[in-house]
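Visitor: I am new to this structure and would be grateful for a guided introduction. May we begin once it is on display?

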Amino acid sequence: MDFNDTPEEAKFRSEARAFLDANLKPKLRGREPGGGGDELARSKAYQKKKADAGFSGITWPKEHGGRGLPAIFQVIFGQEEGKYEPLGGPFIIGLGMCVPTIISMGTDAQRERFVAKALNGEEIWCQLFSEPSAGSDVAAARTRAVKDGEDWIVNGQKVWTSGAHISDWGLLLVRTDPELPKHKGLTMFIVNMKDPGVEVRPIHQMSGGSNFNEVYFTDVRIADAMRVGGVGEGWKVALVTLMNERLAVGGSPGPDYAEILELARRLSGPSGQGALLQDPAFRQKLADWYVSAEGYKLGRFRTMTALSKGGVPGPESSIGKIINANRLQDITNAAIEAQDHYGIVAQDGPDGVFGDAYLWAPGLRIAGGSDEILKNIIAERVLGLPQDPRADKDVAFKDLPTGR
Amino acid sequence: MNFDFSDEQKQLKDEARRFLADKASKSALRKILDGQSGLDGKAGASYDKTLWKGVAEMGWLGAAIPEAHGGLGLGRLELCVLAEEIGRSLAAVPFSSTVYFFAEALLLAGSDAQKAAWLPKIAQGDAIGCFAISEGPGAVSASAIRCSYENGALNGVKTPVTDGDVADAAIVLAKEGSGLSLFLAPLEGVARESLKTLEPTRGHAALTFKNTKAERIGEAGRGWELAEAVLDRAATLLAFEQVGGAQACLEMAVDYAKNRYAFSRPIGSFQGIKHKLADMYVNIEVARSNAYYAAWALSTEAPELKLAAAAARVAACEAYHFAAKENVQTHGGIGFTWEVDCHLFYRRAKLLAVQAGAPAVWKEKLVRQLEAKNAA
């Protein structure tokens, strides 16, 4: 047992640090991840440098412009990049999910056209899976694609689409045959987000920010050459995309035990005597937060060890988001209440992060798989428990019951 | 990055699991339980003597004892993997008292003569040790210790002492002058009152010292500090027992949930059960990761041990408590019966949660370490 990189990993890490130091500013803690303020031009310039330096597509095959390294190197770069301002945000979905899907499931022509331009930041991607009636149940997508000669005509609506407003291309899951059972009638396409039939409307989040969008499709014409995988194989392709999401899962982005410990040194405690940090009830909770944060951090080390030995990220990495998102909500809530009457005041400066994060923490528990879905994944894929009996099995999609 | 046990250590773990599956069966455990609970009409032994002999023959008692003192001279990491398997099997043997507390105290602070006198006997399985600091209900604190040492002899009462009913010697925290010191006391002739506890598969006693001959371990006046250091080591090793026990609960509950049908479907297909079992899994993984870190700190004698041991203990107590109670719950009515093993884990989980100090005490220790580390 030791915590050191192998010599090869250490060399890579120091190269990564040198690159990042030269090209990025240190990060400000507590800002909503992917939240406003990222200047697209700077992000694109950074991505170009990253690609030139060989830090884009670290795990991708060399023949597709990647570096062909094992997954551990992507994790190492992510650890180091995470210490800086998040300029890589606009490319996470494309490079983490959409383009890897095209590499493994797309045609040669598609790889030729899209991979390089994504790697060097020229083109941005979004993922068009979720719909108003297909959230956790993504395969319930209703957006229709109807064959018209050599093309397809798409009508429908997607939602929760991160970065749709800045995207050039989208990976689009649509229903091509409602006569078939739910999972069998889906097909995946690449859609040009600048097409006139594509309308992007920002969603105003409860936190005040707008990272997500609704995307409307009105008679959008897509060439059959833009289909990824076979007709009716959309679900299979979607699973590849979702599997790639696991490596992209980040750390704990908000204020954590160390920040609330510092706050508690400065605030008076509920007994009116001494600092909050001396309050026994607070101290017990602080210990719990520490144990949870360490459990996540050390669990990542265990995952890294497995990856270092050639393993692939499995469903067990779902744990991280469950514990981090819940701890964040708990800590931000405690920090606000600890300020007593004053807790409701939106503050500038370091203490303001608790209030800000309190408002975006609920989103973290939902995005990328809600707590409940992640627990189902753990129960079914890790523990081997049986699936729920399905009401949608072997029933034509058009005949499935729908609610609101 | 290599945050995992080595292949050799994993092999040792597999070997331990096979050995315990055979020699530490639940039916053997139940003989101790029934005897101690008075169910067979006569008081039985408080530990499984055949198993204890087998454990000694496997060399486990001396796994971390240097070869010079008759041990195998392996490391603490090896002890950790053994602890996990012992925890999983619920083995009814005085392993933790003897190895994690008594032997660790000697290794930490014993003189050469003390080590030479006791460690070979422990490694051979010829001596059982215990650790006596509690004197009654409430958090153990330096200022509340009444037991005292004067002119080479101990006086006072320690209760409850895990395995105190069968131990040959105890490590005792007592007053010496104005401070506290740690002592080694052979228990021959010491009055022992066996205690009825919530966990009859481990023996407990109240020990009454009356002019009991004892010798100091370590420096005079450093008793509290040394006891805390022993507890850090024991907490780390116990965390592995707890993770092993919690994992066994999870496996038991998963197996039941897959095979028990209600409303014409396995109960494991209901999200009420699924999410409960997923929570168990998450808690156990958090505990396991924290335990690994403490194991690393213990094995390298890193200064991080104090904080790491506290985190490991807090996480392990929580994971085992949750897994043990929700395992009963998953089983429903049958889980509430004497015949089904759920209560064996439920009982052991509680013993391990208080044996080295309760979680609340460790949370306080943890925060003190954090304060020192993040001193403004």
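**Domains 2 and 3 of chain B**

Visitor: What area is buried between domain 2 of chain B and domain 3 of chain B?
Guide: The model is a predicted one. Carbon and sulfur atoms give 69% of the area buried between these two domains. The buried area in full is about 1,400 Å².

Visitor: Which three residues of domain 2 of chain B supply more of the area buried against domain 3 of chain B than any other three?
Guide: Domain 2 of chain B comprises residues 130–222, and domain 3 covers 224–373. In the area that domain 2 buries against domain 3, three residues supply 38%. They are Phe131(B), Glu199(B) and Arg222(B).

Visitor: How many salt bridges are counted between domain 2 of chain B and domain 3 of chain B?
Guide: The side chains of Arg222(B) and Glu225(B) meet in a salt bridge, at 2.9 Å from N to O. Arg222(B) lies within the bounds of domain 2 and Glu225(B) within those of domain 3. The count between the two domains is two salt bridges.

Visitor: How many residues of domain 3 of chain B are in contact with domain 2 of chain B?
Guide: The centres of the two domains, taken over C-alpha atoms, are 28 Å apart. On the side of domain 2, 20 residues are in contact with domain 3. The number for domain 3 is 11 residues.

Visitor: What is the radius of gyration of chain B?
Guide: Chain B has 11 helices and 10 strands. For its 376 residues the globule rule gives 21 Å, and the value for chain B is close to this, so the chain is as compact as a globular protein of that length. The radius of gyration is 20 Å.

Terms used: Residues numbered from 1 in each chain as written. Chains lettered and ligands numbered in written order. Predicted model: local features only at pLDDT ≥ 70, side-chain atom pairs only at ≥ 80, totals over all residues. Heavy atoms only, no water. Domains from an automatic or database assignment. Contact = heavy atoms within 4.5 Å. Buried area = accessible area lost by both parts, 1.4 Å probe. Salt bridge = Lys/Arg side-chain N within 4 Å of Asp/Glu carboxyl O. Helix = DSSP H or I, 4+ residues; strand = E, 2+ residues; numbered from the N terminus. Rg over C-alpha atoms; globule rule 2.2 N^0.38 Å.
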